[in-house]
Amino acid sequence: MVVAAGILAYVVPNSASLIVYDRAAILSGEVWRLITGNWVHFSLSHLVYDSATLGIAGWMIERRGYPYYKSLYIISPILIGAGLLAAQPNLQFYGGLSGIACGAVVYLTLQGLRDAGPWRWICLTVLLLTTGKIILESAMNAFAFVKVDDAPFAPVPLSHVLGGMTALLIFCWPFARDLMRLKTPGVGS
């Protein structure tokens, strides 16, 4: 559904200008742009890379039956938009599903670390590569592995960090909830 929203925002004429993350418009009251900006893409290759990553990671999460993944799709766009507004005051425009896609990859790999067999090692490798990619893009202020046409935009590594942090929070939530229950008076084994 999130990928479909991104595709729809790309193919419907003039929709991007109404929903892109635009800092001035957000501060003027158009707060929906914090969320809908994630659906906007600035080129076809930008859309294809983000949609493919999110589509594959999301399909694998659902196929493996990992819990709480829908929370990732609801919470991460909010945290990405709010985080960019708070932490990057010079960022005027933002678009793309890459932050949510990064969150989906991190969530998939964190859940996979709990599984047995080769899948665990595949997940550890992908998690380390994803972390390295974010660090490299932050240092270079450029895309690490892909070329996105000649579009006049740069990666926003903070969106990837925020997507990954959202995944970590959702992954840890059941453990924190169980810990709080154990500390509640009258509850225990």
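Select helix H5 first: in this predicted model, H5 supplies 5 residues to the lining of the second largest pocket, the largest share of that lining. Keep H5 on display and add the remaining residues around the space, for a lining of 16 in total. Met-1, Val-2, Val-3, Leu-54 and Tyr-73 are the ones nearest the centre of this pocket. The elements that contribute two or more residues here are helix H1 (2-11), H5 and helix H6 (69-87). Colouring the lining by class gives 12 nonpolar, 2 polar and 2 charged residues. The volume of the second largest pocket is about 370 Å³.

Next, turn to the largest pocket, which holds about 880 Å³ of space. Its lining comprises 44 residues. Two or more of them come from each of helix H5 (44-64), strand E2 (93-94), helix H7 (98-112), helix H8 (118-140) and helix H9 (157-183). H5 should therefore stay selected, since H5 is listed among the elements giving two or more residues to both linings. Which helix gives the most to the lining of the largest pocket? Select H8, which contributes 10 residues. By class, the lining of the largest pocket consists of 29 nonpolar, 12 polar and 3 charged residues.

Now centre the view on the middle of the largest pocket, where Asp-50, Ser-98, Lys-133, Glu-137 and His-160 lie nearest the centre. Of these, select His-160, a residue of helix H9. Is His-160 buried or exposed? With a relative accessibility of 5%, His-160 counts as buried, because the cut-off for that class is under 20%.

Show the side chain of His-160 and draw two distances. One polar contact, at 2.9 Å, runs to the side chain of Ser-98. Another, at 3.4 Å, joins the side chain of His-160 to that of Glu-137. Then display the wider surroundings: leaving aside residues up to four places away in sequence, His-160 touches Ser-98, Gly-99, Cys-102, Lys-133, Ile-134 and Glu-137.

Finally, zoom out and switch to a cartoon of the whole protein. There are 9 helices and 2 strands, and from the N terminus the elements follow the order α-α-β-α-α-α-α-β-α-α-α. The radius of gyration is 18 Å, close to the 16 Å that the globule rule gives for 189 residues, so the protein is as compact as a globular protein of that length. Along the principal axes, the C-alpha atoms fill a box of roughly 60 × 40 × 30 Å. Colouring by accessibility shows buried residues making up 43% of the 189. Among contacts between residues at least 6 apart in sequence, 70% join residues at least 24 apart.

Terms used. Residues numbered from 1 in each chain as written. Predicted model: local features only at pLDDT ≥ 70, side-chain atom pairs only at ≥ 80, totals over all residues. Heavy atoms only, no water. 1 Å grid on protein atoms, 1.4 Å probe; cavity = no way out; pocket = protein on both sides within 12 Å on 5 of 7 lines; lining within 4 Å. Points joined across faces, edges and corners; volume = space filled by probe spheres on them. Helix = DSSP H or I, 4+ residues; strand = E, 2+ residues; numbered from the N terminus. Nonpolar A, V, L, I, M, F, W, Y, C, P; charged D, E, K, R; others polar. Buried < 20%, exposed > 50% of the residue type's maximum accessible area, 1.4 Å probe, protein only. Polar contact = N/O pair within 3.5 Å; in protein donor to acceptor, adjacent residues only side chain to side chain. Contact = heavy atoms within 4.5 Å. Rg over C-alpha atoms; globule rule 2.2 N^0.38 Å.
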